[in-house]
Amino acid sequence: MLLNKKMMYMHNGIKLVRGKIALLLLLSLSCGIFQPRDTFELPVVTVVVDRFNFGSIFDSIGRPIVWKDYETLFADSFSFSDARTGTYGKTKFIENLRQMERKNERFKITWSNIEKPTEGEMSRLTINELRYTFIDDTGAVEKKIETGKSRMVIVRDNTYKLIAWDDFPEMAAKSIFAPE
Amino acid sequence: MKLKSQTGNGYSIITNRSIVRFFSRYAGFIVVFELLLIFCTSLFAQSNVWPEYLSLPDTTAATTASTEPFHIKSIFLTDDILKSNNSITYVRDNNDYLFEQHLDYNVTNYLNGVQNHYAGLSGVYKRNNIFNTTATLGIDWTPEMYYYKSENTGDLQGQFDIGPVFNYSVWKIPVLIRAGGSAFGWNDKLDRTSGLLKRDNYDALPGYYGEVTIGDSVKRWFNLPLIFNVDVLGKEIGGKGLGVVTSSLKAAFSLQSGDSIFFHAGDSLSNGKKLYDAGSSTLYSTTPWKIEHKLALSGALRGKERFNIRPAVLYNFSLKDISYPVLSSLLDDVRVTENGFGIQAVTAEGHRLTYSGGISFRWNTTDRIYKETDAQINSDESKRKQSVNLGDFEEYIASTDHDVSLHLPHGITLNYQLHCYRNSQSYPYKYDTLVNQEENDQVRNLNHAGILYTRDSVAAFELYGELAKKYLYYYRKTASGKSMTSDYYKVGINTDCNIKKVRVTETFFATAEKSDYKFKSVHKGDNFSPPPYNRRLSSALSIVWTLNDMWTITGKWNETYSDDGKWYGEEYFDRLYQSDSIYNLYHGTYGIETKSMNYSLQMIVSWTFNQLLINAGFLFRDNSMEEYDIVELRFKQRNTGDGHVSEPSIEAGYQFSKGYIKMKVGRKFNSNDSDNDKFSKKWNFGLGVETAF
């Protein structure tokens, strides 16, 4: 008799736990954790400058893009690979570019030897022999000129996007695009 | 029926009176845990997967050491690039001594003038039972060579360590001591004119090293569920030194209650200059003096099953500091701290109703030039420090995942999943007009519901639907115009069935995603740009016909349709700018800009005889894309540069008692490719061998 009573108590406990889990699901959705903030500054229309001159690469291969920002330029599965060090994903790589922009307002980059891309699977275009010259002239440190070669892979996803970039720096120990 | 089912299997332990008593005994714990769970839902979030790194390695599994002296492993692949990794190892291990010699050679040729080569010849010779103890004493050597070649320049580095090595066990804890002399040589003038063998181009410096290791990543201390190891390494070459200390502690304890506590700590500190790296085109220099400290702490309490639920609470903290003591002008010092807290609950398998859920919260901070005070940063007249400090950010990540399945009779299962994720980034610093514009929130709330039917191993059918709401919000004025919400819809069918000797599988899904800008006025008028909209339809069909024990025929048909465009909502039109004809044509419609159809057909014939497997296949692939011409008001074929692709290939694999060998040869034919007739081009080749004898 006592055992039956305790078993009933256990079953009630199980129901209680299930009820609480259901309650948690409801709380998860309703308490605002998974809602974005609503503290906007009113937008102003600005032109985001293509500091790295990426647009010129797309122009040269006859697939021009409307430059918007890095999020649009790089595909979500983008990867940057420095032939000497490591690989970076989209978020980390964009942060690298922004950090370069913040540290230096006067750098220049030119892209050359942009040959006709080769076609691969899933409409991927590969530019094999792209050369770059990067002039870093902060004024605070000695002017630095880096050169190197890149292989870029482009996909069409609504607009043309960079999905892979292998960098082959010629002089520096690490790529200037991923210095950390 | 439900009660009987539960009582019949999962709760049979209830008949044990000691278990019956447990509720009153641990009611306090359960209530506290559940209150904590509810409390935390109002603060944080995470996933429902137990982090396996917290569990101790299983030392009960039998390990089988190979007795063969020679081990060879080689992989060779060529397609867009050429890659080859090769290793040969010779081992002699007996009661008297251990001798081990490795030969490693890896090459990556990017086929554009850039090549990476690595060669290693490390080895060790140790005598066992020194001084009639378990100690071993010997010598180890690690010669390595690295060669990087670009089109016009290149560098060659060689490194050699050699010295005595001593192993001993103290209270069954392994201790390793090694020390010796080092040398480093390099040639950094490997351009086309200087020549590889010109002696003046070579430089070398002597040095020394020492290392002590206590414990390892598997051995338990004093037969307790405790693993600890520490390694101290110091090296100096040419007056430039580097010290590295790494340690880790892992423990797992079972409480009397049946619950378990897990703890993991890891710490590493490196201080000094990396031995040598190429610093410029003509001089070889050291990397800057760098101090890097990493600390990671994790703790978890995993409860035993109570009321069908197995709960867990987890916490972790990590810290990473990087600083350059004598080159603070680089402004590359950074400190990253991360905190994470999570709760999980999982039901045992086999119940009619199964559940796994979790909620977790992470809050991270990235502090650049963290040693500088606000006053020092503000007083920098060049504004560089302020610009760098603008990159500081705080990140708050919440996620929750819940998976509920109701197992009904006749092999039918109903499943519901909820996956919510939020990532908020805030940039706390602002200097006059300098503001980081990237402050953002990314949120995704996804609901998944499905019904699954399974019948033994003969058939499976799943129908599911997904509905997600996504937010991508930017908060600063130059970026807030990009803020948008998206509604995502997906339906899919997965089937898998066997009909006698034929197995058919089909995976089909259809998706649509419609976005809407938060500030529509930014995308009107001169900047007319309605929000994106896209759809996908995809089917993957596979048919495998097993004729007999030797022959199998496989056919695959994959086809995907997709279109991308814009949603021309009424609210994006400004009648002062858009003509009536444009307005009448587009408003309230989905305007497709591009649509594409990709499909592939593949046939594979497989033949198996004893340990030999041969696959002969043929793949045909075609992609087509059309773009909408707004002048001619019709879709026009776009030349993407792709033609029809055909790829015959043959694969062979042979498994023998001492290893295996695999090979693949294929060639691509593209109808638009002018190189099709050149026999030497467009081949891909792969070879893999692993053997011991």
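1. Read from the N terminus in this predicted model, chain A follows the order α-α-α-β-β-α-β-β-β-β-β, which comes to four helices and seven strands. Of the 180 residues in chain A, 26% are buried, and among the contacts in this chain with a separation of 6 or more, 49% join residues that lie 24 or more positions apart.

2. Chain B, with 693 residues, has 16% of them buried, and its secondary structure amounts to six helices and 36 strands. Contacts between residues 24 or more positions apart make up 56% of those in chain B that have a separation of 6 or more.

3. Confidence should be considered before any local reading of chain B. The mean pLDDT of this chain is 84, with 87% of its residues at 70 or more. Residues 1-46 of chain B, however, have a pLDDT below 50, although the model gives this stretch 56 contacts beyond near neighbours in sequence; residues 276-284 of chain B are likewise below 50, with 20 such contacts. Where pLDDT is low, the predicted coordinates should not be read in detail, and I would therefore not interpret individual contacts in such regions. For the complex, the predictor reports an ipTM of 0.72 and a pTM of 0.79.

4. The largest nonpolar core holds 23 residues, and those touching the most other members are A:F80, A:M152, A:I154 and A:L162. At least two residues of this core come from each of α2 (54-60), α3 (70-73), β1 (74-82), β5 (125-136), β6 (144-157) and β7 (159-169) of chain A, and β5(A) supplies the largest share, with five residues. Beyond its neighbours within four places in sequence, A:L162 has contacts with A:L73, A:F74, A:A75, A:F78, A:M152 and A:I154. In soluble globular proteins, nonpolar side chains tend to be buried together.

5. A second core, separate from the one just described, has 13 residues, and among them are A:F34 as well as B:F341, B:F361 and B:Y475.

6. In chain B, strand β16 (residues 290-302) and strand β17 (residues 309-323) run antiparallel and are joined by twelve bridges, with B:G299 having B:Y315 of β17(B) as its bridge partner. Six residues lie between the strands of this hairpin, and B:F307 there takes a positive phi near 50 degrees. On to the next pairing, β17(B) and strand β18 (residues 334-347) of chain B are antiparallel over 14 bridges, where B:A312 stands opposite B:Q344.

7. Further along chain B, strand β26 (residues 484-499) pairs with strand β27 (residues 502-517) in the antiparallel sense over 16 bridges, and B:M484 has B:Y517 as its bridge partner. These strands, β26(B) and β27(B), form a hairpin with two residues between them, and B:K500 in the turn has a positive phi of about 55 degrees. Strand β27(B) is also joined by 13 bridges to strand β28 (residues 532-546) of chain B, again in an antiparallel arrangement, with B:R503 and B:V544 as bridge partners.

8. Which phi values deserve a check? Most residues other than glycine have a negative phi. B:N129, in the loop between β5 (123-127) and β6 (136-141) of chain B, nevertheless has a positive phi near 50 degrees, and this residue is partly exposed because 13 other C-beta atoms lie within 10 Å. B:K172, in the loop between β8 (154-170) and β9 (173-187) of chain B, has a positive phi of about 65 degrees although it is not a glycine; with 11 C-beta neighbours inside 10 Å, B:K172 counts as exposed.

9. Is B:L226 buried or partly exposed? This leucine, found in strand β11 (residues 226-237) of chain B, counts as partly exposed because it has 17 C-beta neighbours inside 10 Å, whereas a buried residue would need 20 or more. Apart from neighbours within four places in sequence, B:L226 is in contact with B:R220, B:W221 and B:A251. The C-alpha atoms of B:L226 and B:G357 are 29 Å apart in space, while the two residues are 131 residues apart in sequence.

Notes. Residues numbered from 1 in each chain as written. Chains lettered and ligands numbered in written order. Predicted model: local features only at pLDDT ≥ 70, side-chain atom pairs only at ≥ 80, totals over all residues. Buried ≥ 20, exposed ≤ 12 C-beta atoms within 10 Å, placed from the backbone. Contact = placed C-beta atoms within 7 Å. Core = buried A, V, L, I, M, F, W, Y, C linked by C-beta atoms within 7 Å. Pairing = 2+ DSSP bridges. pLDDT = per-residue confidence, 0-100.
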